[in-house]
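Colleague: I am new to this structure and would love a close look at one part of it, the place where two helices pack together. Could you walk me through that part and set it in the context of the whole chain?

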Amino acid sequence: MPDAAPAGEIHSDRAAAAERIGTDRKERMVSDKYTRFAPFYDVLSGEYPLYHAGRVLGIAALAPTQGQQVLDIGCGTGLNFRLLQQRIGASGTIVGIDRSAQMLRQAHRRAEARGWSNVILVQADMVLVDPGALSGRIVEAGGSALSDAALATYSLSLMGDWKRAWATMTSLLGTDGRIGVVDMQDPLSWARWLAPLARLACALGGSDIHAAPWRAVEEQCADVVRASARAGHLQIRAGKTVPLGTM
Ligand SMILES: C[S@@+](CC[C@H](N)C(=O)[O-])C[C@H]1O[C@@H](n2cnc3c(N)ncnc32)[C@H](O)[C@@H]1O
């Protein structure tokens, strides 16, 4: 495991960028949104009133340990990095993957400002990228081909065909790799009346509130840890990947 990958160096993916041209209109609108709002994302995303709680629970459930390499799928501006660093330490590696160069630029700034030299940033579209090519680019950037864990916070529900992103994510993990998903649904029970607000927030961010991507953890992982927060609006799952056909 490398302990000194270039601090947040961004490895752009021209092939994925070209493929993106073919994505549908909604995908392009979502993509434009993150391009324009990247500098304001941390302030506008409702991090402290709402979404920070999900990443705290998600990273606790994923439980990465010292020296591990963790993929942060759709890492955005790097809001997970501090909590991940506390677990993996300087000998671990964070590989942040996002399709938005502007979001990655913010992540790069965060890593530089904190002196985190163990952060690798890769620009790739997780739905379109070839898993072998992505793994090659991680190695080129100083990481290991296979990671110990992968985390997706508030990103899979934005990806349209998130099952493809999931398949790529799992293919980049070593044996007994752990995987964590944090995402959103309608609030439950007493907070149901807040559902229109939650839907509006998700629509503004481009997420599909009905995607429920944590189902993949339920269906394909062992030893699943479950949590929820904000009256069920935030759903957290983490588990150990198992070889296909053994569940
Ligand atoms: C709502 S933000 C979440 C960012 C971060 N995970 C967090 O917890 O703050 C969603 C991120 O997913 C990225 N994203 C959306 N679709 C993607 C795709 N197909 N491949 C890679 N990244 C994608 C967006 O660019 C954006 O940075």
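To begin with the whole chain, what share of the contacts with a separation of 6 or more comes from residues 24 or more positions apart?

Modeller: Happy to help! Please keep in mind that this is a predicted model. Among the contacts in the chain with a separation of 6 or more, 76% are between residues 24 or more positions apart. The chain has 247 residues, and 44% of them count as buried. Its elements are 10 helices and 8 strands.

Now to the part you asked about. Two packed helices are described by the angle between their axes and the distance between the axes. Here the pair is α4, which covers residues 47-62, and α5, which covers residues 81-88. Their axes come within 10 Å and cross at roughly 25°. Angles under 35 degrees count as roughly parallel, so α4 is roughly parallel to α5. The crossing in which α4 passes α5 is right-handed. On the α4 side, the contact is made by R55, V56 and I59, while α5 brings L83, L84 and R87. Sorted by class, the residues of this contact are 4 nonpolar and 2 charged, with no polar ones.

While you are looking at α5, find Q85, which is also in this helix. Q85 has 18 other C-beta atoms within 10 Å, and a residue needs 20 or more to count as buried, so Q85 is partly exposed. Its C-alpha atom is 9.9 Å from that of G67, a residue 18 positions away along the chain.

From there, you can turn to the ligand. It is surrounded by 20 residues, and the closest are G74, G76, S100, M126 and T153. By class, this shell holds 9 nonpolar, 7 polar and 4 charged residues.

T153, one of those closest residues, leads us on to the backbone, since β5 covers 147-153 and Y154 is in the loop between β5 and α8. Most residues other than glycine have a negative phi. Y154 has a positive phi, near 55°. This residue is buried, with 23 other C-beta atoms within 10 Å. A212 has a positive phi too, of about 45°, and is not a glycine. You will find A212 in the loop between α9 (195-205) and α10 (215-220). With 17 other C-beta atoms within 10 Å, A212 is partly exposed.

Note on methods
Residues are numbered from 1 along each chain as its sequence is written. This is a predicted model: local features need pLDDT of at least 70, side-chain atom pairs count only at pLDDT 80 or more; totals for chains, interfaces and linings use all residues. A residue is near a molecule or strand if its C-beta atom, placed from the backbone, lies within 6 Å of it. Ala, Val, Leu, Ile, Met, Phe, Trp, Tyr, Cys and Pro count as nonpolar, Asp, Glu, Lys and Arg as charged, and the others, Gly among them, as polar. Helices (H or I, at least four residues) and strands (E, at least two) are DSSP runs, numbered from the N terminus. A residue is buried if 20 or more other C-beta atoms lie within 10 Å of its own, exposed if 12 or fewer, and partly exposed in between; C-beta atoms are placed from the backbone. Axes are lines fitted to C-alpha atoms, for helices over the stretch in contact, and angles run from 0 to 180 degrees between N-to-C directions. Angles under 35 degrees count as roughly parallel, over 145 as roughly antiparallel, 65 to 115 as roughly perpendicular and the rest as oblique. A crossing is left-handed if the near helix is turned anticlockwise from the far one by less than a right angle, and right-handed if clockwise. Two residues are in contact if their C-beta atoms, placed from the backbone, lie within 7 Å.
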